[in-house]
Each structure stands twice: as C-alpha cells, then as structure tokens.
Amino acid sequence: MKGSIDLTEAQKYIVSLELQAGKILKKYFVSRNFTHKSKGGVDFTTQADLEVDAFLVRNIRKRYPHTNFLTEETAPSDYSPMRNESNLWIIDPIDGTTNFSRNHPNFAISVGLVDKGIPRLGVVHMPITESTYWAQEDKEGTFLNGELIRVSSTDNLKESVIACDWAWGLEKRLNVVRWLGNICTHVRAIKSMGSAVSDLASLAGGQIDAYMHSGLKPWDTAASSLLIEKAGGRITTPTGAKWNVFQPDMLATNGILHDRILTLVNEK
C-alpha cells in the first residue's frame with residue numbers, strides 16, 4: 001500500500017546507501033581500473049555501474065522486501081507495465097557514465113521511490129563533489145547537504161542558462177536540435193553537461209534555469225524531478241502536456257520562464 005513506507009525513515013536510509021555507493025564509485029574513478037561493455041548502438045555500461053546497481057538493490061530489498069525495482073542495468077526492454085506499480089524503486093547507479101568513464105566529475109547516483117509514475121522520494125548523490133540532494137512528497141522543500149535550496153529567480157530570458165542533453169536513441173537527438181534552433185538566439189547560454197540527473201539537480205539549486213531532453217528514461221528523472229518540483233520549479237513535456245517519469249520528453253524550468261520557453265520551442 002502507498003502508506004506502508006515511512007518516507008523520512010526511507011530518505012535517511014537511502015542517503016546512507018548512496019554515500020556508501022559513492023565510495024565505490026570514487027575508488028573506480030581514481031583507479032581508472034574498470035571494464036566496459038556495449039549495450040548496443042552508442043550506449044555502454046561499466047563494471048562500476050553493475051556493482052553499484054547490485055549493491056543498491058540488495059540493500060534496499062533487505063529493508064523493504066515487498067517492493068519492486070526498475071533499474072537502468074536490469075530493466076526489461078518493455079517496462080511499460082511498471083507505470084501502475086506502487087512502491088517502485090527506480091535506480092540509476094551512474095547517470096553520466098560517459099563522464100565517469102572519461103574522468104569527468106559530473107555524474108550522479110539516483111534513487112527514486114515512485115507510485116504509479118509519481119515520485120514520492122528522491123535522493124541524488126554526486127560522489128566527487130560530495131553533494132547529496134533529497135526531497136520527499138510529504139515534506140516541503142528540497143535539500144542539498146541538509147540545506148534548503150530553491151530554483152533560480154531568473155525572469156529575463158536573455159539572462160537565462162539552458163541545459164540540454166542527447167539521447168542514446170540517435171533519432172531523438174533531432175528533437176533537441178529543433179528546440180535549440182528555436183531558442184538559441186533568445187538565451188544567454190546553452191550547456192550540455194552529460195548527466196540528466198546532475199543537471200536536473202542543478203536546476204533545483206538554481207545553477208541553471210531550464211533543461212530540455214528527448215529520450216529520457218525513468219531512472220533519469222524519478223528522483224531529480226521531485227527535487228525540481230519541491231524546489232519551486234515546473235515540469236511539462238516540451239509541448240506543454242502533463243509529464244510523469246515514464247514520459248521520455250521533458251521541459252523543466254524555474255517556473256518563471258516556462259511559458260515563454262514553451263512558446264519558443266513550439267514555433268514552426
């Protein structure tokens with residue numbers, strides 16, 4: 001049942017697990033001693049992804065044995081039936097695997113607890129910067145290392161910093177190209193930093209003002225979307241439709257700029 005997990009207790013437990021998982025990743029990040037495996041196309045995984053995935057699932061299952069899991073490393077090709085699952089743990093052991101593999105620090109561990117596509121708890125940890133974000137459905141605010149954070153107050157599009165990223169499905173990248181073509185002359189800067197989870201957490205903390213992507217997976221957004229919403233931001237699809245974690249196309253903003261960006265990205 002939806003109320004069977006105490007979110008405050010779960011938040012503390014997941015934070016402790018992600019800190020431990022972060023130490024595993026730091027070890028690999030420093031040693032550079034890990035194997036790679038292709039997932040097909042341009043996508044790949046590493047020994048570190050698999051080890052952290054197994055660590056998180058094993059320990060969460062011990063504490064919450066009657067819950068289900070959707071993880072990047074174990075997901076079936078069709079996970080659509082999980083849209084209606086309650087108490088579903090959605091896990092990304094390393095979001096930003098390319099960054100991790102190239103010794104770039106912008107990567108994150110993500111664990112979200114979701115009911116029927118709606119996040120109830122989100123915890124994100126960036127091991128190299130030692131940044132831990134969390135938010136929960138039944139508590140106001142988003143927290144970074146225990147301190148309350150908010151989305152930016154930027155209200156001038158020409159002062160805005162927009163982030164985007166590129167799907168593993170190459171044809172999806174053309175959607176982002178089109179959106180950027182519509183918006184690029186109206187904003188201060190456009191960044192692509194290589195980790196949806198980290199970048200969405202940055203949006204929650206006000207470092208960027210908007211984020212757009214075509215081809216996201218639930219493990220990219222199950223935790224990070226709740227961070228944004230609880231920090232005062234807004235998320236829809238790029239057409240303005242209602243969004244949930246099983247929707248692959250996202251526009252997330254500080255809320256203030258949302259309608260203006262929507263208008264621009266939908267211009268013909």
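Buried residues account for 56% of the 268 residues in the protein chain, going by what is a predicted model. The accessible surface adds up to about 11800 Å², and carbon and sulfur atoms hold 51% of that area. On the charge side, there are 30 positive and 30 negative charges, and their mean positions sit just 1 Å apart.

As for the fold, the protein chain is built from 8 helices and 14 strands. Its radius of gyration comes out at 17 Å, close to the 18 Å that the globule rule gives for 268 residues, so the chain is as compact as a globular protein of that length. Laid along the principal axes, the C-alpha atoms fill a box of roughly 50 × 40 × 35 Å. Contacts reach a fair way along the sequence, too: of those between residues at least 6 apart, 66% join residues at least 24 apart.

Turning to the interior, the largest nonpolar core has 37 residues. Leu70, Ile90, Tyr211 and Met250 are the residues with the most contacts inside this core. Several elements chip in two or more residues each: the strands S4 (88-95), S5 (108-115), S6 (118-126), S7 (131-136), S10 (161-164) and S14 (249-253), along with the helices H5 (196-204) and H7 (224-230). Helix H5 gives the most to this core, with 6 residues.

Tyr211 is worth a look of its own. Setting aside its neighbours within four places in sequence, Tyr211 is in contact with Ala163, Cys164 and Asp165, with Ala196, Asp199, Leu200, Leu203 and Leu216, and with Met250, Leu251 and Ala252. Of these partners, Ala163 and Cys164 fall in the range of strand S10 (161-164), Ala196, Asp199, Leu200 and Leu203 in that of helix H5 (196-204), and Met250, Leu251 and Ala252 in that of strand S14 (249-253). Apart from the core around Tyr211 lies another one, made of 33 residues, among them Val15, Leu25, Tyr64 and Phe143.

Two loop residues have backbone angles to note. Asn87, in the loop between strand S3 (68-71) and S4, has a positive phi of about 50 degrees although it is not a glycine. With a relative accessibility of 5%, Asn87 counts as buried, the cut-off being under 20%. Lys116 belongs to the loop between S5 and S6. Phi of Lys116 is likewise positive, near 50 degrees, again in a residue other than glycine.

Technical notes
Residues numbered from 1 in each chain as written. Predicted model: local features only at pLDDT ≥ 70, side-chain atom pairs only at ≥ 80, totals over all residues. Heavy atoms only, no water. Helix = DSSP H or I, 4+ residues; strand = E, 2+ residues; numbered from the N terminus. Rg over C-alpha atoms; globule rule 2.2 N^0.38 Å. Buried < 20%, exposed > 50% of the residue type's maximum accessible area, 1.4 Å probe, protein only. Contact = heavy atoms within 4.5 Å. Areas by Shrake-Rupley, 256 points an atom, 1.4 Å probe, with all protein chains shown as cover. Lys, Arg positive; Asp, Glu negative; His and termini not counted. Charge placed at Lys NZ, Arg CZ, Asp CG, Glu CD. Core = buried A, V, L, I, M, F, W, Y, C linked by side-chain atoms within 4.5 Å.
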